[in-house]
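Here are some notes for a colleague who is opening this structure for the first time. They are numbered so that each can be checked against the view.

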Amino acid sequence: MSDSPLPSNLSARHIPAPDIPAPDIPARDIPARDIRARDPLRVVVLVSGSGTLLQALLDASADPSFPARVVAVGADREGTLGIERAQRAGVETFVVPPAGDRPQWDAALAEAIARHTPGLVVSAGFMRILGRAVLAGNRIINTHPALLPSFPGAHGVRDALAHG
């Protein structure tokens with residue numbers, strides 16, 4: 001009889017984390033939020049395209065009992081339907097197009113997000129990799145459907161279904 005909590009046909013293996021130096025940007029101290037709090041959680045949503053996931057969040061947050069509010073929507077390019085959806089809903093928007101090198105762009109995106117003091121950032125179909133500056137200062141949920149490492153990219157679910 002093994003002391004392992006795993007079934008006998010499975011084994012645990014340790015995969016060391018890559019040796020990545022800590023970012024030189026101090027992380028904000030983001031306190032845990034009590035869901036019974038009166039103030040809704042401030043959410044910034046990042047989009048790259050049509051914003052269908054954004055629309056679901058906008059619709060949900062229209063209910064006063066929903067514990068979150070979309071306070072801003074950011075995109076990596078002008079003219080996205082997601083930005084139009086946010087504007088129609090009266091939500092502030094911002095666009096940070098890729099420019100310069102990746103760390104410069106990431107710092108600009110982190111600054112744009114921070115202006116809205118979110119408790120949560122939702123990457124809802126945002127087709128850019130978030131870097132250290134954004135990751136260090138925010139709680140983030142990524143809704144991207146890639147199934148890494150087997151099915152990377154924008155069509156991970158479709159590719160997995162086609163594979164069988």
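How many helices and strands does the secondary structure of the protein chain come to?

1. The model is a predicted one. The chain contains 5 helices and 5 strands. Followed along the sequence, these elements give the pattern β-α-β-α-β-α-β-α-β-α.

2. Some totals for the protein chain come next. It has 164 residues, of which 31% are buried. Its exposed surface is about 10,900 Å², and carbon and sulfur atoms supply 57% of that area. Among contacts with a separation of 6 or more, 56% are between residues 24 or more positions apart.

3. Strand S1 covers residues 41-47, and 5 of its 7 residues are buried. S1 pairs with strand S2 (residues 68-75) in the parallel sense, over 7 bridges. Within this pairing, Leu 41 is found opposite Ala 68 of S2. Between the two strands the chain passes through helix H1 (residues 52-61), and the resulting β-α-β crossover is right-handed.

4. S1 also pairs with strand S4 (residues 120-123); these strands run parallel and are joined by 4 bridges. Val 43 has Leu 120 as its bridge partner in S4, and Val 44 has Val 121.

5. S4 in turn pairs with strand S5 (residues 140-142), again in the parallel sense, over 3 bridges. Here Ser 123 stands opposite Asn 142 of S5.

6. Which way do Leu 120, Val 121, Val 122 and Ser 123 point from S4, and are they buried or exposed? Leu 120 and Val 122 point one way, Val 121 and Ser 123 point the other way, and all are buried. As a general rule, side chains in a regular strand alternate between the two faces of the sheet.

7. The largest nonpolar core has 16 residues. Val 44, Leu 46, Phe 94, Leu 109 and Ile 113 have the most contacts inside this core. At least two of its residues come from each of S1, S2, H3 and H4. Helix H3 gives the most, with 5 residues. A second, separate core has 15 residues, including Leu 54, Ala 68, Val 70 and Ala 86. In soluble globular proteins, nonpolar side chains tend to be buried together.

8. Val 44 is a useful residue to select in the viewer. Apart from neighbours within four places in sequence, Val 44 is in contact with Val 71, Ala 72, Phe 94, Ile 113, His 116, Pro 118, Leu 120, Val 121 and Val 122. One of these, Val 121, is also the bridge partner of Val 44 in S4.

9. How many aromatic pairs does a search of the whole structure find? The search finds 1. Trp 105 and Phe 126 form this pair, which is stacked, at 6.3 Å centre to centre with 10° between the planes. Trp 105 lies in helix H3 (residues 102-114) and Phe 126 in the loop between S4 and helix H4 (132-136), so the pair links parts of the chain 21 residues apart.

10. Why does Trp 105 count as buried? Trp 105 counts as buried because its relative accessibility is 5%, and the cut-off is under 20%. Phe 126 is buried too, because its relative accessible area is 3%.

Technical notes
Residues are numbered from 1 along each chain as its sequence is written. This is a predicted model: local features need pLDDT of at least 70, side-chain atom pairs count only at pLDDT 80 or more; totals for chains, interfaces and linings use all residues. Side-chain values use heavy atoms; hydrogens and water are left out. Buried means under 20% relative accessible area, exposed over 50%, partly exposed in between (1.4 Å probe, protein chains only). Two strands pair if DSSP finds at least two bridges between them. A crossover is right-handed if, with the strands pointing away from the viewer, the path from the first strand over the helix to the second runs clockwise. Contact means heavy atoms within 4.5 Å. Accessible areas come from the Shrake-Rupley method with a 1.4 Å probe; for residues, only the protein chains shown count as cover. Rings of Phe, Tyr and Trp (its six-membered ring) pair if their centres lie within 6.5 Å; planes under 30 degrees apart count as stacked, over 60 as edge-to-face and the rest as tilted. A nonpolar core is a set of buried Ala, Val, Leu, Ile, Met, Phe, Trp, Tyr and Cys residues joined through side-chain atoms within 4.5 Å.
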